[in-house]
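Good morning, everyone, and thank you for making the time. I would like to walk you through one protein, starting from its overall layout and then going into a few places in more detail. Please have a look at it first.

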Amino acid sequence: MLAGETSVAHSTPSIPVSLSPSTDTLNPSNDNIPVWSLTGDVVKAVAATAALQIADKPAYAFTFNLTSKAREKALTHPRGFLESLKRSLDKQLARAGVRLPYWFCIDRDRDGRLHIHGAFGAVTENEVLKEIMRRAWGEAPERGRQFQIKIVPLRDDGWATYATRNHRRVSKVIGQTLTVTRALQQEAEQTYSEVRRIMRRSPDPSNLPRLLCEPQ
């Protein structure tokens, strides 16, 4: 694993963001927005997505369909389903010499099959990342290979709420459902804190993004 590029385990109407430095010097109008440490997985995924969008490199959303063998391996891993997949990806990224800011979560389809949704900031060709993901998470048979991975430009942060919409149900099966690389988590926290500062001063509580106050 590359130094300083570990991941930590822990979504999304668009939120206007200003990154100009400031401090809370005025009395807040709204005190019902939790601090970062009290937010849940959905908000963390939202903030991480917003941080990717305001970075100076393109951002992408992705879905990876796990093979049945990969699912069984992760389900029986002593460190848990999410940790197993995170470690495998980080290992392959390190071998390839790629530092990738990313988050991903575990979702389930209507049949209960677990798969991966996430987002990342561009650091290399997407075809390179597809091969890294396949080495980390397993490769589908030839007839299903073209449908295993989907990578598209990250258009808005609504992707995060979609990706985490089942996180409560999934967490009952595998425990933790979201992981964010440490560097991206720091950027997400800064983004969230700035939005929180702005919204706490809003005179109209109806302007508050629903997810900032929603219990996780």
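The protein in front of you has eight helices and six strands, and I should say at the outset that what we are looking at is a predicted model. If you follow the chain along its sequence, the helices and strands come in the order β-α-β-α-α-β-β-α-β-α-α-β-α-α. Of the 216 residues in the protein, 48% are buried.

Let me begin with strand E2, which covers residues 59-64. How many of the residues of this strand are buried? Six of the six are, so strand E2 is largely enclosed by the rest of the structure. You can see this on both faces, since Ala-59, Ala-61 and Thr-63 are buried on one side, while Tyr-60, Phe-62 and Phe-64 are buried on the other.

Now, which strands pair with E2? One of them is strand E4, residues 114-121, which pairs with E2 in the antiparallel sense over six bridges, and in this pairing Phe-64 has Ile-116 of E4 as its bridge partner. Another is strand E5, residues 149-153, which also pairs with E2 in the antiparallel sense, over five bridges, and here Tyr-60 stands opposite Pro-153.

From the strands, let us turn to a pair of helices. When two helices are packed together, we describe them by the angle between their axes and by the distance between those axes. For helix H3, residues 81-96, and helix H4, residues 126-137, the axes come within 8 Å and cross at roughly 130 degrees. That angle makes H3 oblique to H4, and the crossing of the two helices is right-handed.

If you would like to find this contact on the screen, look in H3 for Leu-85, Ser-88, Leu-89, Gln-92, Leu-93 and Ala-96, which meet Leu-129, Ile-132, Arg-135, Ala-136 and Trp-137 in H4. Sorted by character, the residues of this contact comprise eight nonpolar, two polar and one charged.

Finally, I would like to point to a single residue, Gln-185, which lies in helix H7, residues 182-200. Is Gln-185 buried or exposed? Its relative accessible area is 14%, and because buried means under 20%, Gln-185 counts as buried. With respect to Tyr-102, Gln-185 is 83 residues away in sequence, while their C-alpha atoms are 9.1 Å apart in space.

Thank you for listening, and I am happy to take questions.

Conventions: Residues are numbered from 1 along each chain as its sequence is written. This is a predicted model: local features need pLDDT of at least 70, side-chain atom pairs count only at pLDDT 80 or more; totals for chains, interfaces and linings use all residues. Side-chain values use heavy atoms; hydrogens and water are left out. Helices (H or I, at least four residues) and strands (E, at least two) are DSSP runs, numbered from the N terminus. Buried means under 20% relative accessible area, exposed over 50%, partly exposed in between (1.4 Å probe, protein chains only). Axes are lines fitted to C-alpha atoms, for helices over the stretch in contact, and angles run from 0 to 180 degrees between N-to-C directions. Angles under 35 degrees count as roughly parallel, over 145 as roughly antiparallel, 65 to 115 as roughly perpendicular and the rest as oblique. A crossing is left-handed if the near helix is turned anticlockwise from the far one by less than a right angle, and right-handed if clockwise. Contact means heavy atoms within 4.5 Å. Ala, Val, Leu, Ile, Met, Phe, Trp, Tyr, Cys and Pro count as nonpolar, Asp, Glu, Lys and Arg as charged, and the others, Gly among them, as polar. Two strands pair if DSSP finds at least two bridges between them.
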